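User: I should like to learn how to read the features of a protein model, taking one topic at a time. May we begin with a pairing of strands and then widen the view?

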Amino acid sequence: MARILVSFWQPLIGDSSDNIICYYESFAEELKKFGNEVLILNRILFTDAYFRSYTKEHEDFLVEEVRKFNPDLIIAFNNQIFECILENTNCPVGLFDADSSYLFSSKDCISKYIERYFMVTHYENWENVYGEMGFSLEKICTIKIATSCRREEKEKNKNISFIGTKFLQTVSENIRNYLTENKPNIYKMLKKHWSSGSYDYEELLKEFCPDLTCTKHDIAQIFDWRNYVLSSLLDLGLNLYGVGWRDGEDNNIALMSAYDSTPKFSLKHNQDVYNESKICLSISHPQTRGYAFPWRVYDIMATSGMLISSYSSLLKEQTKDFVDIPMYNSPYDARDLCKKYLKEANMREDVVCACNDFIEKHGRWESNFRELETFFRVKLINTKAGSIKFLKPPLQ
């Protein structure tokens with residue numbers, strides 16, 4: 001049995017700090033199932049600063065609790081960890097990438113404690129990025145995404161479902177100012193992006209907006225097409241869940257009307273929605289650049305809902321011997337695919353069965369844990385009963 005501290009940053013959901021999203025819940029429950037003691041730390045409970053490596057109010061409490069737990073392994077998604085925890089432990093630290101490296105927190109801790117760090121990525125060919133951060137190749141492990149979702153035969157009472165966050169809330173002042181005089185250039189660039197399937201954002205900007213200096217966040221704002229994809233499907237029957245869809249500047253009344261604010265964050269929530277849906281949509285964040293794909297993809301593939309995904313060359317490569325997943329490069333492609341597969345129940349079922357087969361062979365946590373056991377030199381497959389506990393600030 002291993003004692004594993006799992007640390008991440010997640011906004012609070014509903015009325016309980018124990019509410020965590022499907023992926024983190026699945027990960028913790030699978031660790032528990034295989035006989036590990038899991039201590040969950042959501043850093044948002046201890047600091048309001050995403051990138052900060054310290055907590056102002058609760059450092060002594062954290063140190064005391066972590067010392068008592070005495071972890072054999074720390075797993076920090078996006079390096080969401082406090083330095084005081086690293087200072088008071090000596091176990092391996094597994095850095096899991098939940099996003100691109102520019103969204104990693106506490107980066108100063110990586111170089112300071114690099115001898116304890118092990119990099120775990122879901123995305124092949126990102127080794128060079130992590131090499132530049134100080135990780136040698138033998139300390140980088142690539143695993144597939146995994147899921148605990150299961151297929152259930154439920155009434156298909158939803159045509160198209162999407163569970164996710166509304167990324168674009170406000171437009172940066174930099175982009176707003178540029179739009180004042182350069183709207184046609186932005187529009188031409190986006191048309192080429194959608195029609196060509198190019199995800200080289202810098203090259204597109206160089207061609208159409210050479211005088212615009214962008215941060216990575218600016219680029220994400222420009223090329224975020226989540227609202228457009230969802231809006232293109234409204235008349236086909238869209239069930240929209242997640243966070244942030246009532247906020248923002250776009251005043252998309254139709255999309256706001258399709259939004260169901262009923263919380264859909266847990267493993268059961270996701271599994272039920274996907275199994276009740278004919279089509280389940282995945283819309284990647286611009287940071288994936290047509291290569292990577294989000295965690296929800298494997299969740300959908302494990303159910304009876306049919307996956308339609310924004311283009312991902314990595315997903316296409318991983319699944320090429322099992323299934324040809326329908327993928328789109330523009331909001332208009334997404335609409336065409338949804339119209340096609342809503343009419344063809346047999347074709348949907350063929351895709352679903354092939355996806356299910358892939359997940360059972362390549363998308364479950366046990367095989368990942370066996371690989372990570374060797375990588376971390378920590379036993380993760382055990383026969384004893386495991387447990388899960390949440391680390392929360394003391395009552396004020």
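Analyst: We may. Please note that this is a predicted model. In it, Ser 309 stands opposite Met 327 of strand S11.

User: How should I read such a pairing, and in which sense do S10 and S11 pair?

Analyst: In general, strands of a sheet pair through backbone hydrogen bonds, in either a parallel or an antiparallel sense. Here strand S10, residues 306–310, pairs with S11 in the parallel sense, over 2 bridges.

User: What is the order of the strands in the open sheet?

Analyst: The order is S8-S7-S9-S10-S11, which makes an open sheet of 5 strands with parallel pairing. Strand S8 (238–243) and strand S11 (327–328) each have a single partner strand, so each stands at an edge with one side lacking a neighbour in the sheet.

User: Which helix packs on the sheet, and which strands does it touch?

Analyst: Helix H12, residues 267–275, packs there and touches strand S7 (158–165), S8 and strand S9 (277–282). The direction of H12 makes about 150° with that of S7.

User: Turning to the interior, which residues touch the most other members of the largest nonpolar core?

Analyst: That core holds 131 residues, and Phe 77, Tyr 117, Leu 281 and Met 301 touch the most other members. Leaving aside neighbours within four places in sequence, Tyr 117 has contacts that include Ile 81, Leu 86, Val 93, Phe 135 and Lys 139. Over the whole chain, 56% of the 396 residues count as buried.

User: Is Asn 185 buried or partly exposed?

Analyst: The class follows from relative accessibility: under 20% is buried and over 50% is exposed. Asn 185 has 25%, and therefore counts as partly exposed. Asn 185 lies in helix H6, residues 173–196. Beyond residues up to four places away in sequence, Asn 185 touches Tyr 178, Phe 208 and Cys 209. The C-alpha atoms of Asn 185 and Leu 205 are separated by 9.3 Å, with the two residues 20 apart along the chain.

User: Finally, what can be said of the chain as a whole, and how does its radius of gyration stand against that of a compact globule?

Analyst: The chain has 17 helices and 12 strands. A compact globule of 396 residues would have a radius of gyration near 21 Å, and the chain agrees because its own value is 21 Å. The C-alpha atoms fill a box of roughly 55 × 50 × 45 Å along the principal axes. Among contacts between residues at least 6 apart in sequence, 71% join residues at least 24 apart.

Terms used: Residues are numbered from 1 along each chain as its sequence is written. This is a predicted model: local features need pLDDT of at least 70, side-chain atom pairs count only at pLDDT 80 or more; totals for chains, interfaces and linings use all residues. Side-chain values use heavy atoms; hydrogens and water are left out. Two strands pair if DSSP finds at least two bridges between them. Helices (H or I, at least four residues) and strands (E, at least two) are DSSP runs, numbered from the N terminus. Contact means heavy atoms within 4.5 Å. Axes are lines fitted to C-alpha atoms, for helices over the stretch in contact, and angles run from 0 to 180 degrees between N-to-C directions. A nonpolar core is a set of buried Ala, Val, Leu, Ile, Met, Phe, Trp, Tyr and Cys residues joined through side-chain atoms within 4.5 Å. Buried means under 20% relative accessible area, exposed over 50%, partly exposed in between (1.4 Å probe, protein chains only). The radius of gyration is taken over C-alpha atoms; the globule rule is 2.2 Å times the number of residues to the power 0.38.
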